[in-house]
Amino acid sequence: MNKVSILMGSDSDLPVMKEACEVMDEFGVSYDVNVLSAHRTPKQTTQHLEAAAKSGTQVVIAAAGGAAHLAGVCAAHFNGPVIGVPIESKSLKGMDSLLSTVQMPPGIPVATVGINAAKNAGLLAIKILATNDKALRVKLNRYMESQTKKVLERNKQLKKLGYKKYLAQNEK
Ligand code: RP5
């Protein structure tokens, strides 16, 4: 049983979705990653979601671009939390993906992150799992602390160098 199942409508989404995989790797959470489409493989997508629910998968992350129905289809077939990642599209820069993922009808919620925000989708999945997993909560706290430290260190450097030197140093 994998705790998280990651789906994307096309392998062209993988360069973005690898960031969600990296979060799972970093936190040591089991996951599977699949190219399955709401439109091109409707039957296999449904079968996968039903099997995932039966096997005890707890969170689904679904990414698609354009007329992005994948996350909605996942939410229709999987009773656990579904996180939608709208993928940036060529013609409308992902606004089409964003609106078709986020604007779900009442009764079928999809927790939608920003356009191409696969890392946040991964972290949201970790946060959901951590509500019921103490070891994961500890890892999450460490992650948040290290993020805070990094920003404070940058602030210290900025104050020390002034903005011109700071920028010049980061351009190197
Ligand atoms: C969507 O159509 C996919 O999620 C992808 O973002 C988009 C384009 O797919 P490809 O034509 O690159 O396979 O279903």
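**Notebook: Ser5 and its chain**

I began at Ser5, whose side chain makes a polar contact with the side chain of His48 at 2.8 Å. I note at once that this is a predicted model, and that the distance just given is computed from it.

I then asked where Ser5 sits in the secondary structure, and found that its place is in strand β1, which covers residues 4–8.

Is Ser5 buried or exposed? I looked up its relative accessibility, which is 0%, and therefore I entered Ser5 as buried, the cut-off for that class being under 20%.

Next I listed what Ser5 touches, leaving aside neighbours within four places in sequence, and wrote down Asp32, Asn34, His48, Thr57, Val59, Val60 and Ile61. His48 is thus on the contact list of Ser5 and is also its partner in the side-chain polar contact.

From the residue I turned to the chain, where I counted seven helices and five strands, which follow the pattern β-α-β-α-β-α-β-α-β-α-α-α when read along the sequence.

I looked up how far apart in sequence the contacting residues are, and found that, among contacts between residues at least 6 apart, 66% join residues at least 24 apart.

For overall extent I recorded a box of roughly 60 × 45 × 30 Å along the principal axes, filled by the C-alpha atoms.

Of the 172 residues in the chain, 38% are buried, while the chain exposes about 10,100 Å², of which carbon and sulfur atoms supply 55%.

Last, I checked the charges: the chain has 22 positive and 14 negative side chains, and the centres of these two sets lie 9 Å apart.

Key: Residues numbered from 1 in each chain as written. Predicted model: local features only at pLDDT ≥ 70, side-chain atom pairs only at ≥ 80, totals over all residues. Heavy atoms only, no water. Helix = DSSP H or I, 4+ residues; strand = E, 2+ residues; numbered from the N terminus. Buried < 20%, exposed > 50% of the residue type's maximum accessible area, 1.4 Å probe, protein only. Polar contact = N/O pair within 3.5 Å; in protein donor to acceptor, adjacent residues only side chain to side chain. Contact = heavy atoms within 4.5 Å. Areas by Shrake-Rupley, 256 points an atom, 1.4 Å probe, with all protein chains shown as cover. Lys, Arg positive; Asp, Glu negative; His and termini not counted. Charge placed at Lys NZ, Arg CZ, Asp CG, Glu CD.
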